[in-house]
Amino acid sequence: MFRLWAKEWKQNRMIRDITICDAAPPAEKNRTKKVFDAIEEICYAFDLAKPIWLNSNISEFQRIDKTRFTSDNFIEEISFDYLEIQVIEED
């Protein structure tokens, strides 16, 4: 089971969160596909445009399975300070 936790933060307070679960076997989907599918579900649930992955996001996510998307990562204006995603369970 793959689970990704997303949290919206504003003024150092979590304003909403969601956990996305993907039970697809590792042979069916690789980790990258699971992450992008989860982000798509998160953006749909939060009514957001998909964030743009910058090099800093990629390297941080590869190192610690966690990253933050700030206003620099979104084309549209956002009503929060940042969106944080974190892998909490992996196959």
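A residue counts as buried when its relative accessible area is under 20%. By that cut-off F61 is buried, because its relative accessibility is 6%. The model examined here is a predicted one. F61 sits in helix 2. Leaving aside neighbours within four places in sequence, F61 is in contact with L4, R31, V35, W53, K66, T67, I85 and V87. One of these partners, V87, lies 26 residues away from F61 along the chain. The C-alpha atoms of F61 and V87 are 9.1 Å apart.

Confidence in the prediction was considered next. The mean pLDDT of the chain is 94. A score of at least 70 is reached by 100% of the residues. Among the elements, strand 3 (residues 66-69) has the highest mean pLDDT, at 97. Helix 1 (residues 31-46) has the lowest, at 94. Where pLDDT is low, predicted coordinates should not be read in detail.

F61 also takes part in the lining of the largest pocket. The volume of this pocket is about 180 Å³. The elements that give two or more residues to its lining are helix 1 and helix 2. Helix 1 gives the most, with 4 residues. The full lining consists of R31, T32, V35, F36, W53, I58, F61 and Q62. By class, the lining holds 5 nonpolar residues, 2 polar and 1 charged. Three of the lining residues recur among the contacts of F61, namely R31, V35 and W53.

A second buried residue of helix 2 is N57. Helix 2 spans residues 55-64 and includes N57. The relative accessible area of N57 is 3%, which is under 20%, so N57 is buried. Beyond its neighbours within four places in sequence, N57 is in contact with I52, T67, R68, F69 and N73. T67 is thus a partner of N57 and also of F61. T67, R68 and F69 fall within the range of strand 3, residues 66-69.

The cysteines were then checked for disulfides. A disulfide is a covalent bond between the sulfur atoms of two cysteines. The criterion requires the two sulfur atoms to be within 2.5 Å. The sulfur of C21 is 17 Å from the closest cysteine sulfur, that of C43, so the pair is too far apart for a bond. Seen from C43, the closest cysteine sulfur is that of C21, again at 17 Å and too far for a bond. The count of disulfides is 0. The two residues also differ in exposure. C43 is buried, with a relative accessible area of 4%. C21 is partly exposed, at 45%.

Backbone geometry draws attention to Q11 and N12. Most residues other than glycine have a negative phi. Q11 is not a glycine, yet its phi is positive, at about 50 degrees. N12 is likewise not a glycine and has a positive phi, of about 60 degrees. Q11 lies in the loop between strand 1 (2-10) and strand 2 (13-22). N12 is found in the loop between strand 1 and strand 2 as well. Exposure requires a relative accessible area over 50%. Q11 has 63% and therefore counts as exposed. N12 has 71% and therefore counts as exposed.

Definitions and conventions: Residues are numbered from 1 along each chain as its sequence is written. This is a predicted model: local features need pLDDT of at least 70, side-chain atom pairs count only at pLDDT 80 or more; totals for chains, interfaces and linings use all residues. Side-chain values use heavy atoms; hydrogens and water are left out. Buried means under 20% relative accessible area, exposed over 50%, partly exposed in between (1.4 Å probe, protein chains only). Contact means heavy atoms within 4.5 Å. pLDDT is the predictor's confidence in each residue, from 0 to 100. On a 1 Å grid over the protein atoms alone, a cavity is a set of points where a 1.4 Å probe fits but cannot get out, and a pocket is an open set with protein on both sides within 12 Å along at least five of seven lines; lining residues have an atom within 4 Å of a point. Grid points are joined across faces, edges and corners, and a volume is the space filled by probe spheres set on the points. Ala, Val, Leu, Ile, Met, Phe, Trp, Tyr, Cys and Pro count as nonpolar, Asp, Glu, Lys and Arg as charged, and the others, Gly among them, as polar.
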